[in-house]
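User: I would like to learn how to read the overall layout and the core of a protein model. Could you take me through this one step by step?

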Amino acid sequence: MSIKNRIKDLADSHHQSIAEVERHLSFGNGTIAKWDTRSPSSEKLQKVADYFDVSTDYLLGRDAKENKTADLADKDTVFTYEGREIPAEDLEYMKRLLRGGK
């Protein structure tokens, strides 16, 4: 499946047209349609991935659809913010906040 078709499927599942996605991302008309015959820039591909909360690998057909989510209870996951690991004490504080301060 092509990049454009993956994006069309994602847009359809969000009840949007490709034109609406292009407008929202400030792309020119027909930008995504051109991706059938030429490769998108990495910046534009990342914008689309972020918009639909999928990986660029998914858009490129390398990976199954994935959400960028993780469970704070998962002890094997390393959580980061802006590229830096979140300290364990901060994660515990976040968990307490999410439990309602208990």
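Analyst: A useful start is how far along the sequence contacts reach, where contact means heavy atoms within 4.5 Å. Here, among contacts in the chain with a separation of 6 or more, 35% are between residues 24 or more positions apart. This is a predicted model, in which local features need pLDDT of at least 70 and side-chain atom pairs count only at pLDDT 80 or more, while totals for chains, interfaces and linings use all residues. Residues are numbered from 1 along each chain as its sequence is written, and side-chain values use heavy atoms, with hydrogens and water left out.

User: What is the order of the elements from the N terminus on?

Analyst: Helices (H or I, at least four residues) and strands (E, at least two) are DSSP runs, numbered from the N terminus. In this chain the order is α-α-α-α-β-β-α.

User: Which residues touch the most other members of the largest nonpolar core?

Analyst: A nonpolar core is a set of buried Ala, Val, Leu, Ile, Met, Phe, Trp, Tyr and Cys residues joined through side-chain atoms within 4.5 Å, buried meaning under 20% relative accessible area, exposed over 50% and partly exposed in between, with a 1.4 Å probe and protein chains only. Of its 17 residues, those touching the most other members are Ile 7, Ile 32, Trp 35, Val 48, Phe 52, Val 54 and Leu 59. Two or more residues each come from helix 1 (3-13), helix 2 (18-24), helix 3 (42-52) and helix 4 (56-59).

User: What is Leu 59 in contact with, leaving aside its neighbours within four places in sequence?

Analyst: Its partners include Ile 3, Ile 7, Leu 45 and Val 48. Across the whole chain of 102 residues, 27% count as buried.
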